[in-house]
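Colleague: I'd love to go through this model with you. Could you bring it up so that we can look at it together?
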Amino acid sequence: MKVGLIGYAGSGKTTLLDAVSGGNRKGDLMAVPVPDARFERICEAITPKKRVPATVEIQDSAATLREAGSRTGFAEAARRMDALLHVVREFDSPTAPFHGEPNPSRDHSALVTELILADLGIAENRIARLAKSPGARQSGSPEYMEKQVLEKIQPGLENGTPIRRMDLSDSELILLSGYQMLTAKPMIVAVNCSESDINFPSEINSKAEDPTFRICAEIEKEIAALPAEERQEFLQELGIETPASENMVRTVYHALGLVTFFTAGENITQAWPLRNGSTAIKAADTIHSDIAKGFIRAEITHYADFDRLGDLKACYTHNLMKLEGKEYIVQDGDIINIRTSR
Ligand SMILES: Nc1nc2c(ncn2[C@@H]2O[C@H](COP(=O)(O)OP(=O)(O)OP(=O)(O)O)[C@@H](O)[C@H]2O)c(=O)[nH]1
Ligand SMILES: [Mg+2]
């Protein structure tokens, strides 16, 4: 599951990636740990040799809009992403390549318009092609259905509505999925403000229809580079409880439709991302395909029970660990031990 950073040139995409990768950025694609207090608590109880948090992959500059230069293909990399994180500049920048005065609403809607136009171009081309195909005239044929859904989204796109806000059925969304439409993907907005404005609300926060965070990427980058002991003090000085980037990464993770289950081993304790609604056999397969092949039962402890008793062994002795089969739907926060014949 990948999240693409998009936005105007100089809006702070790379700075934000630096901030969320804790100063360890090695390239344009980073696996960013998802902050999770439950995972910390489980690790405290187990004291494993190794801890592996859940991560999301964030890709720098999946789409960068520059005033000069061609827009053709500007969003091709973004098509391969599962969600888009739109960085909008609100800080003053003498070096921003254009649009000197910050105006987040203007930049936000300009970029969204570009994404809509890119999707509209695809829809129009495909409709024109299908119009020439005899298959598309046979009621009920796959091409017919495809043309119908494209003709349904076309007027919406022309009116400036992103596909994710259209009323489409699951089967219609499946028909569209092959096109990797940009405005069908979840979008999260990061309004990148200047250091002095960090505690003020932003004009687009209140109006935004997508999850929106006000963040100062430059400061968050500094916070991320500090040793843990100094971090809390620095946050207090700034009057911030938690870094905005932490909430943002969590929101991105949920926007991808992911939940977390835990494996609590003494050697390795790990948080695993899993698509919401997945079964225990899928969770087993996420850990290792061999574990899924030898699946006997899943031992499930709900996080709330662990949290209350503070100890996994106590959950066992209080009969709070349940044995479940392959079809059990994993709940967010489940602590899972797979009994396997392998
Ligand atoms: N004052 C201030 N400056 C920032 C902030 N975020 C980024 N900058 C500065 O803005 C400039 C551009 O930031 P980048 O992170 O390189 O922007 P980008 O979106 O990756 O730019 P491109 O890769 O060219 O598209 C850099 O000089 C940053 O130091 C911020 O929150 N506040
Ligand atoms: Mg950059």
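Colleague: Which residues of H5 meet Glu172, Leu175 and Leu176 in H6?

Modeller: Happy to start there, with the reminder that this is a predicted model. The residues of this contact divide into 4 nonpolar, no polar and 2 charged. On the H5 side, the ones that meet Glu172, Leu175 and Leu176 are Met145, Glu146 and Val149.

Colleague: How are H5 and H6 oriented to each other, roughly parallel or roughly perpendicular?

Modeller: Helix H5 spans residues 142–158 and helix H6 residues 170–177, and their axes lie 10 Å apart. The packing angle is about 100 degrees, and angles of 65 to 115 count as roughly perpendicular. The two helices, H5 and H6, are therefore roughly perpendicular.

Colleague: Nice! Now to the ligand: which element gives the most residues to the shell around ligand 1?

Modeller: There are 17 residues around ligand 1, and Gly12, Lys13, Thr14, Thr15 and Glu218 come nearest. Two or more residues each come from helix H1 (13–20), strand S4 (55–65) and helix H8 (217–225). By type, the shell divides into 4 nonpolar, 11 polar and 2 charged residues. The top contributor, with 3 residues, is H1.

Colleague: And which helix gives the largest share of the largest nonpolar core?

Modeller: That core has 74 residues, of which Ile58, Leu85, Ala190 and Val252 touch the most other members. Leucine 85, beyond its neighbours within four places in sequence, is in contact with residues including Ile58, Ala190 and Val252. The largest share of the core is 6 residues, and it comes from residues 244–255, helix H10.

Technical notes
Residues are numbered from 1 along each chain as its sequence is written. Chains are lettered from A and ligands numbered from 1 in the order in which they are written. This is a predicted model: local features need pLDDT of at least 70, side-chain atom pairs count only at pLDDT 80 or more; totals for chains, interfaces and linings use all residues. Axes are lines fitted to C-alpha atoms, for helices over the stretch in contact, and angles run from 0 to 180 degrees between N-to-C directions. Helices (H or I, at least four residues) and strands (E, at least two) are DSSP runs, numbered from the N terminus. Angles under 35 degrees count as roughly parallel, over 145 as roughly antiparallel, 65 to 115 as roughly perpendicular and the rest as oblique. Two residues are in contact if their C-beta atoms, placed from the backbone, lie within 7 Å. Ala, Val, Leu, Ile, Met, Phe, Trp, Tyr, Cys and Pro count as nonpolar, Asp, Glu, Lys and Arg as charged, and the others, Gly among them, as polar. A residue is near a molecule or strand if its C-beta atom, placed from the backbone, lies within 6 Å of it. A nonpolar core is a set of buried Ala, Val, Leu, Ile, Met, Phe, Trp, Tyr and Cys residues joined through C-beta atoms within 7 Å. A residue is buried if 20 or more other C-beta atoms lie within 10 Å of its own, exposed if 12 or fewer, and partly exposed in between; C-beta atoms are placed from the backbone.
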